[in-house]
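The following exercises concern strand pairing, burial and backbone geometry. Each task is followed by a solution in steps.

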Amino acid sequence: MAPLIKRTQTAIARHQNVSGPGRTIIVGDVHGCSAELETLLDRVAFTSGDRLVFVGDVLARGPDSLGVLDIIRQTGAILVRGNHEQKVLDARAPDRRTFAGAPSDLHRAIARTLRPVDWSLLESSPVHVAFNEHELVVVHAGVVPGTALEHQDFETMMRIRTIALNRFQVDARSRRGRGADRNSLSMALRTAPQAPTMRSRQIESGNVLWGTRWVGPPHIVFGHNAAPGLQLHPWATGLDTGCVYGGRLTALVLGAGRKVPRDLAARRALLVSVPARRVWHVPDKSRSAVTQGDRA
Ligand SMILES: [Mn+2]
């Protein structure tokens, strides 16, 4: 497959650390569940020859955000940026934040605990990473079907859950000129002014999961949406199985050069998951009526 989107410099650098024909292990939303992550890494028998990738939202809501960041560093993993990482970055630089609205107390509190190495990790996290040998792209939330990958919008890629089939241009809003995080994101992709941005709380009922309508290649592996659980679409696999809400932590394990199987039984055979040790966070129901919007 020809490269569809540029890797960031960071991703390239981390790929260069991979030695030998190791596996690619993509982990769903961790949200500070460091103990479950350690159990999962044991279960997949992670070794230094493997390439470890996180779909984002590794911090917040769970018990040990710093511990998860330590594991990511120690394993040389690739962290794809989630909306919670972005909110923490926004909390530090409110004058050039990416998301609308003031950073929450939660994200400001996390920002106060981060060490310089943590900031480096977050700042260098790409919004998406292409793994051409697997013909897949990892992104936190998803993409807008029917829009070329190079024209996808950063915020959408970190937040989309569903699309309104009859009006998914209506929620579009231009990202032009907002330029937040230019330094760390400028290599990732160019933002098209016409790219639609889905605001989760604007999305109406009756929409469909975006992954149901995406036609690859590439296959998209993502997280962000715990409400529907594991998502197995023809060209998209959603790994957020809600560990922090008492669900499971799930990984997709691909051998060297292996593509994500279209056959669902074959794909399920590549999934490894471990149960949450407890319910670490109870979603705020008052904010989840329409989209289960803040669970993921
Ligand atoms: Mn998320």
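Two strands count as paired if DSSP finds at least two bridges between them. The model examined here is predicted.

**Exercise 1. Determine whether S2 and S3 are paired or unpaired, and place them in their sheet.**

Step 1. S2 and S3 are joined by 2 bridges. Since the criterion asks for at least two bridges, the strands pair. Their directions are parallel.

Step 2. A residue-level example is Val53, whose bridge partner in S3 is Ile78.

Step 3. The open sheet that contains them has 5 strands in the order S3-S2-S1-S11-S12, and its pairing is mixed. Strand S3 (78-79) and strand S12 (271-275) occupy the edges; each has a single partner strand, so one side of each lacks a neighbour in the sheet.

Step 4. Helix H2 packs on this sheet, where it touches S1, strand S11 (248-254) and S12. The direction of H2 makes about 140° with that of S12.

**Exercise 2. Describe the sheet that contains S5 and S8, and state how these two strands are joined.**

Step 1. This open sheet consists of 5 strands, ordered S4-S5-S8-S10-S9, with mixed pairing. At its edges stand strand S4 (128-131) and strand S9 (231-233); because each has a single partner strand, one side of each is left without a neighbour in the sheet. From one strand to the next, the twist averages 15°.

Step 2. Strand S5 (residues 136-139) and strand S8 (residues 219-222) run parallel and are joined by 3 bridges. Within this pair, Leu136 has His219 of S8 as its bridge partner.

**Exercise 3. Establish the surroundings of Gly28: is this residue buried or exposed, and which residues does it touch?**

Step 1. Gly28 belongs to the loop between strand S1 (24-27) and helix H2 (34-43).

Step 2. The threshold for a buried residue is 20 or more other C-beta atoms within 10 Å. Gly28 has 31 C-beta neighbours inside 10 Å and is therefore buried.

Step 3. Leaving aside residues up to four places away in sequence, Gly28 touches Val55, Gly223, Leu239, Asp240, Thr241, Leu249, Thr250 and Ala251.

Step 4. One of these contacts, Gly223, lies 195 residues from Gly28 along the chain, yet the C-alpha atoms of the two are separated by 5.6 Å.

**Exercise 4. Identify what is unusual in the backbone at Ala60, His224, Pro217 and Pro218.**

Step 1. The background is that most residues other than glycine have a negative phi, and most peptide bonds are trans.

Step 2. Ala60 has a positive phi near 80° although it is not a glycine. Ala60 lies in the loop between strand S2 (51-54) and helix H3 (65-74), and its 23 other C-beta atoms within 10 Å make it buried.

Step 3. The phi of His224, likewise a residue other than glycine, is positive at about 80°. His224 is located in the loop between S8 and S9; with 27 other C-beta atoms within 10 Å, His224 is buried.

Step 4. The peptide bond from Gly216 to Pro217 is cis, with omega near 0°. The bond that follows, from Pro217 to Pro218, is cis with omega near 5°.

Step 5. Pro217 lies in the loop between strand S7 (208-209) and S8, and Pro218 is found in the loop between S7 and S8.

Note on methods:
Residues numbered from 1 in each chain as written. Predicted model: local features only at pLDDT ≥ 70, side-chain atom pairs only at ≥ 80, totals over all residues. Helix = DSSP H or I, 4+ residues; strand = E, 2+ residues; numbered from the N terminus. Buried ≥ 20, exposed ≤ 12 C-beta atoms within 10 Å, placed from the backbone. Contact = placed C-beta atoms within 7 Å. Axes fitted to C-alpha atoms, helices over the stretch in contact; angles between N-to-C directions.
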